[in-house]
Amino acid sequence: MCGIYFSIDKSDFLWPDAKLKYLLHSRGPDSQHSLAFSHPQKTSAENSVCLAIQSTVLSLRGDQVVSQPLQDEAAGLVLCWNGEAWKIGECPISGNDAQVIFHMLITALTQHVASSTDTRQVVITQLLASVAGPFSFVLFDQISGQVHFGRDRLGRRSLLQCQKLDSFSLCSLGTWESNDHWSEVATDGFYVINLTENTPQNGNRIRPIIQSWSSLNAQTHCSQNQNGSLSASEVIWQGHLNKELPTSDSSPLTPASYSVHEIESNLRHSLQLRILDIPSTHPNQQAEMLTSMSKIAILFSGGLDCSLIARVSHELLPCHETIDLLNVAFENPRIHNNISSPFETCPDRITGHQSVEELRRVCPNRTWRFVEIDVPYSETIENRQTIIELMKPHNTEMDLSIALALYFAARGIGKVQDAGTATRSAYRTPARVLLSGLGADELFGGYQRHATAFARSHFEGLLDELNLDISRIGKRNLGRDDRVISHWGREVRYPYLDETLFAWAMATPVWQKCGFWTSEWPHADGKSKANFLEPGKKLLRLLACKLGMQQVANEKKRAIQFGARTAKMDARKTKGTDMLS
Ligand SMILES: NC(=O)CC[C@H](N)C(=O)O
């Protein structure tokens, strides 16, 4: 993952302090560069604002490191790009995505050098709004004197902002020692600051103006009228949750349903973008060494969502590529006081072992490296403060219990069992790309509250709950998770949050995703063959069955903090929603 820092100040160049610099470097260990500008560049320095820009890069696309910030003096553009652009519209991006996007911006804007600020703004935001993939960015357009910034609509990458009387800063992470007040950049649109109108000298604070998705979609309509083509951003995001209710003619979900076939193909496409073409970080390694060096690691509790990712990845990756499965287990003094092996009794360790066994049975020609990451309580305590700072501004007990599990999983240091013996050797995953099953519960009704909503008010209740989940994904926790995971110079990717898969799931009727049924819907009688499976995420369960993973298909949902036992570690009576003290 990359790091972004961008500050605008009335009189000084504000650079990140040593600690923030170190944190930015941890996210982007491959390159680190800075640029400084005064704007507008008038002779009278009093009218200028100072821009200090710094980017760090974790290089994951193309065959060489592309340093950032990207700058083109002739076009007057500077770009900090954090994340991955998989597609622009429907066109997949190959090579380095930051470079591709930058060139597209330059080409589009060169035709509008003399155009009004508004036109340039529309050109920039339309192009960036049509990017599919997880990202955050800051773009400085010197010609119009505008700073654009934002995050993808699902908020998969972090970007924080800090407003003061005389300055405005953006950064992937915040500083928490001073009185700075950092908050997450919202994901309800892109933002723009007009430096010429908005300088702090006018006595005003710098106020970014939002360009909401709905206004961007309206603009897209205009461009559609002009050139006849429909932009992917519109296709993807105009869609609302399909709230259709089943009738007596609707067919229930069975192993032969079209939706099982379609989710398989969507997941495969999503994974193709995310796991093929990952550059090797060790160009000088010998070929035999390279085959055992995993390029991807899966955050692996052994549950349904991550096991399915593992199973489908197997079909896409060459057989000789090892896949690492990162499984965390914590010593929790509230539970473990007298147990000799606290880790082996952890629920996710038990499920992890079972699911890797099933993977090995079903895909025997692949090396699955099960990495046991055991975290003694002393290590939890040692790292607690660092994790609390990384996850801020999130600051509840529940945030911490989730962040703890992600932090240690992403660190990727554990033990692996040596082939044919009972001994375990120390291991650190070299993979820089991590895959997570997040999003499957929201899209396919996997949480207990979905079942509760159904029990209370049938499909209507379930649809309301699903709608709520989908609408708040961008606002929830992905920025937090990015800050915690990227600290280890690795990047997390979410196959279930692929835009096309997401749009498909929204458009698919609820009875083709879950197996809930009522007596008013006679076709879906509970005795049918496929109904031994739980109703939550039934579509994914059927796919697991189809791919030979019967046992995984039956896994029950378990929240990460309970599976890894990071919840409620001390004797105090706390609730998940309590603020950290
Ligand atoms: N990890 C990142 O955010 C890197 C940005 C860009 N995708 C690159 O690989 O260069």
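Ligand site, helix packing and backbone geometry

A backbone N or O atom of Cys2 lies 3.3 Å from an oxygen atom of the ligand. The model in which this distance was computed is predicted. A second backbone atom, an N or O of Gly83, is 2.7 Å from an oxygen atom of the ligand. The side chain of Asp97 supplies another polar contact: one of its N or O atoms is 2.6 Å from a nitrogen atom of the ligand. Taken on its own, the ligand has 290 Å² of accessible area, and the protein covers 100% of it. Twelve residues surround the ligand, and Cys2, Leu60, Gly83, Asn96 and Asp97 are the closest.

The next topic is helix packing. Two packed helices are described by the angle between their axes and the distance between the axes. Helix α6 spans residues 258–275 and packs against helix α8, residues 304–316, at an angle of about 70°. The axes of α6 and α8 are 10 Å apart. Angles of 65 to 115 degrees count as roughly perpendicular, and α6 and α8 are therefore roughly perpendicular to each other. On the α6 side, the contact is made by Leu267, Arg268, Leu271, Gln272 and Ile275. Helix α8 contributes Leu308, Ile309, Val312, Ser313, Glu315 and Leu316. By class, the residues of this contact between α6 and α8 are seven nonpolar, two polar and two charged.

Helix α6 also packs against helix α17, which covers residues 538–546. Here the angle is about 80° and the axes are 9 Å apart. That angle makes α6 roughly perpendicular to α17. From α6, the residues in contact are Ser259, Val260, Ile263, Glu264 and Leu267, while α17 offers Leu539, Leu540, Leu542, Leu543 and Lys546. The contact of α6 with α17 divides into seven nonpolar residues, one polar and two charged. Leu267 takes part in the contact with α8 and in the contact with α17.

Backbone geometry remains. Most residues other than glycine have a negative phi, and most peptide bonds are trans. Asp277 is not a glycine, yet its phi is positive, at about 65°. Asp277 sits in the loop between α6 and α7, the latter being residues 287–292.

Two peptide bonds that precede a proline are cis. One joins Gln68 and Pro69, with omega about 0°. Pro69 belongs to the loop between β3 (49–57) and β4 (70–72). The other runs from Lys392 to Pro393, and its omega is near 10°. Pro393 lies in the loop between α11 (377–391) and α12 (397–411).

Methods
Residues numbered from 1 in each chain as written. Heavy atoms only, no water. Axes fitted to C-alpha atoms, helices over the stretch in contact; angles between N-to-C directions. Helix = DSSP H or I, 4+ residues; strand = E, 2+ residues; numbered from the N terminus. Parallel < 35°, antiparallel > 145°, perpendicular 65-115°, else oblique. Contact = heavy atoms within 4.5 Å. Nonpolar A, V, L, I, M, F, W, Y, C, P; charged D, E, K, R; others polar. Near = heavy atom within 4 Å. Polar contact = N/O pair within 3.5 Å; in protein donor to acceptor, adjacent residues only side chain to side chain. Areas by Shrake-Rupley, 256 points an atom, 1.4 Å probe, with all protein chains shown as cover.
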